[in-house]
Structure formats: structure tokens, C-alpha cells
Amino acid sequence: MEDVNLSIALPGKLSRIIFACNMYIDQKEVNEFVPDATVLKGIEGKVYRHLGKSGLSTFATIDAKGPNDSINFFKMPSSFCLLVSTNFTLAQFKSITEIGEVENPVVGPLSTASINHLLFRCSAEEQDASGSGRLVYEFKGFVPNYAGIAGLVRQFGRMEEDPAACNPVLDNVREGDWLLTYHMERLKDFAELKEVGDWLARYLMPIGELPYSVRPKLFVRVISALFEAVKLKILESAPDMFKQSEFASALLLSTYQFMGIVPSAVCQEYKLTIAGGLP
């Protein structure tokens, strides 16, 4: 065994050690091994199985003091493999109960400017409108087209063709609540979006308490539900020609990216600015 100082945080409370073992190969076996050019063969070794928590006690301790358990290794067997199961913590169970089924948001009449803010805005527009230097949220290896949720939904739609397309977004949601906070904070800047913001916070805030593996699925479900609700609200009052196909409705929706409130570009008493397609 080698001395180590390694702590592994679990996604909940440790319920069972399913499998723990390590493989050992004696140095003598390594020294005496002769490869065979005609027959595939390997070095003989031994597999040691460690049973239950007592089996781990010779090289690790289990810390159950925090909200989530962790396994702290002070020694590490060679070629070690560990498989455990966990239960939800009380906070995680409460969060799942609070989320429940994602109810469709009730979206009231929204102005062109509020739809632009909720769905779109390029980095320059976001920086200008926020007054705080906030830009489009960037991920490792990927930058969405928009600061609003349309940038995420566009990426979600690519998952059927390329399952890895959303990895930067989903990994970010697993690792922390930065993206969740970003989208909740954005809506606080726009008074007209208060009800929408309250709905979004109701579902996004508990996600941060959930196990890492569960977060992405719920995040995608919540953001997609909000996007579809806004889209349907726009189509309610739209001419029939825009309801005939997904392409036509997408064209109508895209027009809202051209019209928004950009403080540095207001014209006299008109607050709404019309600009070329960005991006």
C-alpha cells in the first residue's frame, strides 16, 4: 500500500459498499514472466476482496459528519476498485419533493423587449443592458450564441445528432450552481419578467442540492419548458401562417432577437432598439 491523502466526496449518504477489491502481482512473477510469441498469456496475480466498511478500515475512513458522506483514504492498495451506493440526504429528498413534476409556466402577455431579454441578447447587448459587465455565459470549449435561454435550447436540440454537444453545459450544471444563478439573476434585471423569474427560481434553486447525476436532466427539463411556454405565448396572437410549420414559427421567434432595450443605443423617446441580426 502507498501512503496517500485522498478524499472522495459522495453524492449523498453512503448506504452500502457493493464491491471493493484490489489486484496484487508479486514482483517475482513479473521478473520471471516470459512472453510467448504464439500464445496470449499474462502474469498471474491475486485479487483481494474487502468486505463492508470494516474491510475498508485498514486504508480509509468514512466521514459522515457533513451533509454528504466522504471516503478519506490514508493508504491506497494497488489496482484498487470501489463500488458503492448512496441514499439521498434529507436536503436532497426535500429538494426533489419541492421540484416534483415540472409544471408548465403560466406566461402572461410579454413585451417585445422582455422576450428579447429572456431569450436572446449577444454579449455586447448583455454587457450594455446589465450595467455590470455581464456577458454571455461561457463554458469550457463552448460559448452560446445568446445570454438568454435560447442559446441553451439551441444546444439542447443538437443532442439527438451529437450526444456530446451539450457536455460542456451539463458538466457545468453537475459541478456547481453558477449557471443556475446566472439565469435567475438575469431575470431580476427586468421587472416585467418577475413572475417568470419566480417560476424559474422555484425549480432551479433546489437543483443545487441534488446529486450530481440528477442535476442536468432537471435543468434541461426546466429550461426547455420555459422556452416552449414563451414560444406558445407568441404563437397565440400570431397569424396562422406562422403556425403551419416549425420553420415558420422559428422565423417568427427569431425576429425578437433584433429588437431589445440597449441603453447606449436609445433613440429619443424610443427605448426599443432595432438592430441587425446578432449573431
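In this predicted model, I25 sits in the loop that runs between β2 (13-24) and α1, and with a relative accessible area of 34% it is partly exposed, because anything between the buried limit of under 20% and the exposed limit of over 50% falls into that class. I25 belongs to a nonpolar patch on the surface, whose other members are M23, V30, I43 and V47, and together these residues offer about 380 Å² of accessible area.

A charged patch can be followed from the same topic of surface residues. D26, E29, E32 and E44 form a negative patch on the surface. One of these residues, E44, is placed in the loop between α1 (27-32) and β3 (46-49), and its relative accessible area of 61% makes E44 exposed.

From the surface we can turn to the helix α4. Seven of the eight residues of α4 are buried, and the helix is therefore largely enclosed by the rest of the structure. The buried residues are A113, S114, I115, N116, H117, L118 and L119. Just after α4 comes R121, which takes a positive phi of about 85 degrees, a positive value found here in a residue other than glycine. R121 is placed in the loop between α4 and α5, and this arginine is itself buried, with a relative accessible area of 2%.

The loop that holds R121 also brings us to the aromatic residues. How many aromatic pairs does the structure hold? There are eight aromatic pairs, and among them is the pair of F120 and Y146, which is edge-to-face, with 4.9 Å from centre to centre and 75 degrees between the planes. F120 lies in the loop between α4 (112-119) and α5 (123-130), while Y146 lies in the loop between α5 and α6 (149-156), so the pair ties together parts that are 26 residues apart in sequence. Both partners are buried: F120 has a relative accessibility of 6%, and Y146 has a relative accessible area of 10%. Elsewhere, ring pairs link F59, F73 and F80 into a cluster.

The loop between α5 and α6 also contains N145, which counts as partly exposed at 29% relative accessibility. N145 and T255 are separated by 110 residues in sequence, and their C-alpha atoms are 15 Å apart in space.

The charged side chains give another way through the structure. Side chains of opposite charge can pair when their charged atoms come close. A search of the whole structure finds ten salt bridges, and one of them joins the side chains of R134 and D189, at 2.6 Å from N to O. This pair links distant parts of the chain, since R134 is in the loop between α5 and α6 and D189 is in the loop between α8 (178-188) and α9 (194-207), with their positions 55 residues apart in sequence. Is R134 buried or exposed? At 16% relative accessibility R134 counts as buried, whereas D189, at 43%, counts as partly exposed. R134 and D189 also take part in a network of salt bridges that links them with E126 and R186.

A further salt bridge is formed by the side chains of K231 and E246, at 2.8 Å from N to O. K231 lies in helix α10 (residues 215-236) and E246 in helix α11 (residues 246-254), so this pair ties together parts that are 15 residues apart in sequence. The two partners fall on opposite sides of the accessibility classes, because K231 counts as buried at 12% relative accessibility and E246 counts as exposed at 58%.

The side chains of K243 and D240 meet in a salt bridge as well, with 3.9 Å from N to O, which is within the 4 Å allowed for such a contact. K243 is partly exposed, with a relative accessible area of 41%, and D240 counts as exposed at 52% relative accessibility.

Methods: Residues numbered from 1 in each chain as written. Predicted model: local features only at pLDDT ≥ 70, side-chain atom pairs only at ≥ 80, totals over all residues. Heavy atoms only, no water. Patch = residues over 30% accessible without salt bridge, like charges linked within 9 Å, V, L, I, M, F, W, Y side chains within 5 Å. Areas by Shrake-Rupley, 256 points an atom, 1.4 Å probe, with all protein chains shown as cover. Lys, Arg positive; Asp, Glu negative; His and termini not counted. Charge placed at Lys NZ, Arg CZ, Asp CG, Glu CD. Helix = DSSP H or I, 4+ residues; strand = E, 2+ residues; numbered from the N terminus. Buried < 20%, exposed > 50% of the residue type's maximum accessible area, 1.4 Å probe, protein only. Phe/Tyr/Trp six-rings, centres within 6.5 Å; stacked < 30°, edge-to-face > 60°.
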